[in-house]
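Biologist: Could you take me through this model and tell me how each label was earned? I'd like the cut-offs next to the values.

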Amino acid sequence: MAEESDLEKTEPPSPRRLEQAREEGQVPQSRELSTFLIMMAGVTVMWVIGQWLSGRVVSMVKMGLVFDAATAKDTTRMVLELREILTDALLTVMPLFLVLMVAAVGAPILMGGLVFAPKALQLKLDRLDPLKGLERMFSVHGLAELVKALLKAILVGGVGAWSIWREKDHMLALMTQPLNVSLPDFAQTVLFSSLLVVTSLALLAALDVPFQLWQYNNKLKMTREELRQEQKESEGDPQLKARVRNAQREMARRRMMAEVPKADVVVTNPTHYAVALRYDAAKMGAPVVVAKGADAVAQKIRELAREHKVPLLEAPPLARALFRHCDIEHAVPAALYTAVAEVMAYVYQLNHWLENGGLPPVEPSELPVPSDMDPGPTPA
């Protein structure tokens, strides 16, 4: 049961999955929203500049129907006048075309944002597979599109038929009116009917947009196994990362152990902790911790110290304080300067005694370690 649940697409798409879908050109789209915005833009433009636009069209028609004998005999003048008429026509419809283009581009941006996906332009032969085409046609998505098309036809057709039936007497009366009066009136009636149709399209868009968003997210849902695999790819395999960390710690431990023979003294606890110190008056302002460890690592540090004849000093409070508050390759903190200075003085005396003989130095005891620096004995 657990394996089956891991293979079921029950998890919402991750940000990475959504980003990959956008890179492939897969974004939520609503044809109903695009249709509504384009129709609304066209009706609005016609409502605002319809009178000016109709005046320009009448003017161009009159200009084109004017017969000039000189022009009829001169092909050059005919081409120039035709070019002038076409230019005027293009400038006349340019505002309408620009608004429609903005509406056509703006609808997808409203749904999925601005997307540039070169992958979507790649040729995919599986899209030409007729079997897959039939599968898509008779899928749940195809059924939903069929239902939407039927609803759109019923709704738009019903609204259009109702608006025409509502204005039938008015439109029949226009036939008895002069052309200069009936034509603008007819245009207003057509625009009003178009506005009613656009309103019905707004209802369809309001229903289709949430459905498309739900369908898009449902299509990109992921299984738990896919989520785990994505996490491994983005953050790295936890087991591999653990092995890398272990290898890094091992390399750091080896480098640390290589510094123990160069230390001047190893301060111990006596068994729990071991901290190796080195001091070079010409290069260092204070003694530096070159190695430290607890338990097994501390034992290895003590063994290396004995093997290379590095002095061992049992000073539990100082060892605990150095282990807790000092990092490797860092100088000891100022609060421990006095205690460490006594230790280094003892080491100097010990080396002098080993070289020249005489009375052995006395190991320092009761070193001045501040109470707030000593974490206390380790529980047994």
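**Helices and strands**

Modeller: Residues 33-53 make a good start: that span is 100% helix and 0% strand, with its end C-alpha atoms 27 Å apart. Keep in mind that this is a predicted model, where local features need pLDDT of at least 70 and side-chain atom pairs count only at pLDDT 80 or more, while totals for chains, interfaces and linings use all residues. Residues are numbered from 1 along each chain as its sequence is written, and side-chain values use heavy atoms, with hydrogens and water left out.

Biologist: What makes a stretch a helix or a strand here?

Modeller: Both are DSSP runs, numbered from the N terminus: H or I over at least four residues for a helix, E over at least two for a strand. By that count the chain comes to 14 helices and four strands. Residues 190-214 are also 100% helix and 0% strand, with end C-alpha atoms 36 Å apart.

Biologist: Which residues does the "transmembrane region" annotation cover?

Modeller: The unreviewed UniProt entry puts it on residues 33-53, 96-117, 138-165 and 190-214. Positions are in the numbering used here, feature names are shortened, and annotations may be inferred rather than shown by experiment.

**Buried or exposed**

Biologist: Why is D88 called buried?

Modeller: Buried means under 20% relative accessible area, exposed means over 50%, and partly exposed is in between (1.4 Å probe, protein chains only). D88 has 19%, so it counts as buried. This residue lies in helix α5 (residues 75-112). Leaving aside neighbours within four places in sequence, D88 is in contact (heavy atoms within 4.5 Å) with R56 and M60.

Biologist: Why do D295 and K309 get their labels?

Modeller: D295 has 48% relative accessibility, so it is partly exposed, whereas K309, at 74%, is exposed. D295 is in the loop between β3 (288-294) and α12 (296-307), and K309 is in the loop between α12 and β4 (312-314). Neither is a glycine, but phi is positive in both: near 55 degrees for D295 and about 55 degrees for K309.

**Surface patch and cores**

Biologist: What makes a group of residues a nonpolar patch?

Modeller: Each member needs over 30% relative accessible area and no salt bridge; nonpolar side chains (Val, Leu, Ile, Met, Phe, Trp, Tyr) are joined within 5 Å, and in charged patches like charges are joined within 9 Å. A salt bridge is a side-chain nitrogen of Lys or Arg within 4 Å of a carboxyl oxygen of Asp or Glu. Here L90, M94, F97, L98, M101, V105 and I109 form such a patch, with about 620 Å² of accessible area together. I109, in helix α5, has 36% and is therefore partly exposed.

Biologist: Which residues have the most contacts inside the largest nonpolar core?

Modeller: L277, L318 and L322, in a core of 25 residues. β1 (265-268), β2 (273-278), α13 (316-325) and α14 (337-356) each supply at least two residues, and α14 gives the largest share, seven. The term means a set of buried Ala, Val, Leu, Ile, Met, Phe, Trp, Tyr and Cys residues joined through side-chain atoms within 4.5 Å. Not counting residues up to four places away in sequence, L318 touches V267, L336, A339, V340, V343, L367 and V369. Apart from that core lies another, of 14 residues, among them V260, V266, I301 and L304.

Biologist: How much of the whole chain counts as buried?

Modeller: Of its 380 residues, 28%.

Notes. Accessible areas come from the Shrake-Rupley method with a 1.4 Å probe; for residues, only the protein chains shown count as cover.
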